[in-house]
Amino acid sequence: MVVIHYTAMQSANAACDVLCDPKGEVSAHYLIDETGHVISLVPEAMRAWHAGAGAWGATQDVNSRSIGIELANTGFTPFAAAQMDALSDVLHAIKQRWDIRPERIIGHSDMAPGRKIDPGARFDWRRLALEGLSVWPSSSACAHSSEVALQGADEARFAAAMKTFGYTAVEDADLLLKTFRLRFRPHANGPLDMIDLAMIADLAQRFPVDVNASNA
């Protein structure tokens, strides 16, 4: 797997100091600064301490099965074009070396809902999906959906589809919806609706988390 983070620090240099300090007990395989400069910190074949507690599908020890990429960003600003270009290059290379499927390139918030929110609402997941470096709901999935609030059985369907897609670290309904929207509908508000359900149903059908994960 690949897990994408933001540093939540004021500069890449400050983040690098923390990631290289043994006392901090935190590390990542790569750090990419705002200019697109890529710093390799931990060899890809070695375990880095970037993910922490959480899960994705059947994978409980995410640190041991993932490559962590930190993007220098406070969490409140857009990601620079040069930084996103560099991330794409790094991901293409990792994907080729390790035969990682696009649905197993995720955010920290995906595997640790509630505990983590990075890479956040400003991160361009759709761009990565268009480049084959992540996944996105198909346009047809929402073509006939409307923003109609749902409840009861539909909430259960949403939770089941979230689990099938990979969200296994939490069962809280409100947190599941918040986590889903953080990545796929960052500007949506209100209760669960037909668009949410259509999007996650499409993702779950096309990308069931452990079916194609040979190393899960």
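Is Cys20 buried, partly exposed or exposed? With a relative accessibility of 47%, Cys20 counts as partly exposed, where buried means under 20% relative accessible area, exposed means over 50% and partly exposed lies in between (1.4 Å probe, protein chains only). The structure is a predicted model, in which local features need pLDDT of at least 70 and side-chain atom pairs count only at pLDDT 80 or more, while totals for chains, interfaces and linings use all residues. Residues are numbered from 1 along each chain as its sequence is written, and side-chain values use heavy atoms, with hydrogens and water left out.

Cys20 also takes part in the search for disulfides, defined here as pairs of cysteine sulfur atoms within 2.5 Å. The closest cysteine sulfur to that of Cys20 belongs to Cys16, at 4.0 Å, which is too far for a bond. Under this rule, the count is 0 disulfides.

Attention turns next to the helices, which are DSSP runs of H or I with at least four residues; strands are runs of E with at least two, and both are numbered from the N terminus. Helix α2 (residues 81-98) has 18 residues and should span 26 Å at 1.5 Å a residue, in agreement with the 26 Å between its end C-alpha atoms; the expected span is 1.5 Å times one less than the number of residues. Its buried residues include Met84, Leu87, Val90, Leu91 and Ile94. Packing partners of the buried α2 residues are the strands β1 (2-6), β2 (30-32), β3 (38-40), β4 (67-71) and β5 (105-107), together with α4 (125-130), contact meaning heavy atoms within 4.5 Å. Just after α2, Asp99 adopts a positive phi of about 55°.

Helix α3 (residues 108-111) contains Asp110, a buried residue at 1% relative accessibility. Leaving aside residues up to four places away in sequence, Asp110 touches Ala55, Trp56, Trp125, Tyr167 and Arg183. Its C-alpha atom lies 8.3 Å from that of Gly166, although the two residues are 56 residues apart along the chain.

Further along, the axes of α6 (residues 173-184) and α7 (residues 194-206) come within 12 Å and cross at roughly 80°. The two helices are therefore roughly perpendicular, a term covering angles of 65 to 115 degrees. At this crossing, Leu177, Phe180, Arg181 and Phe184 of α6 meet Asp196, Met199, Ile200 and Leu203 of α7. The contact comprises 6 nonpolar, no polar and 2 charged residues; Ala, Val, Leu, Ile, Met, Phe, Trp, Tyr, Cys and Pro count as nonpolar, Asp, Glu, Lys and Arg as charged, and the others, Gly among them, as polar.

Notes:
Axes are lines fitted to C-alpha atoms, for helices over the stretch in contact, and angles run from 0 to 180 degrees between N-to-C directions. Angles under 35 degrees count as roughly parallel, over 145 as roughly antiparallel, 65 to 115 as roughly perpendicular and the rest as oblique.
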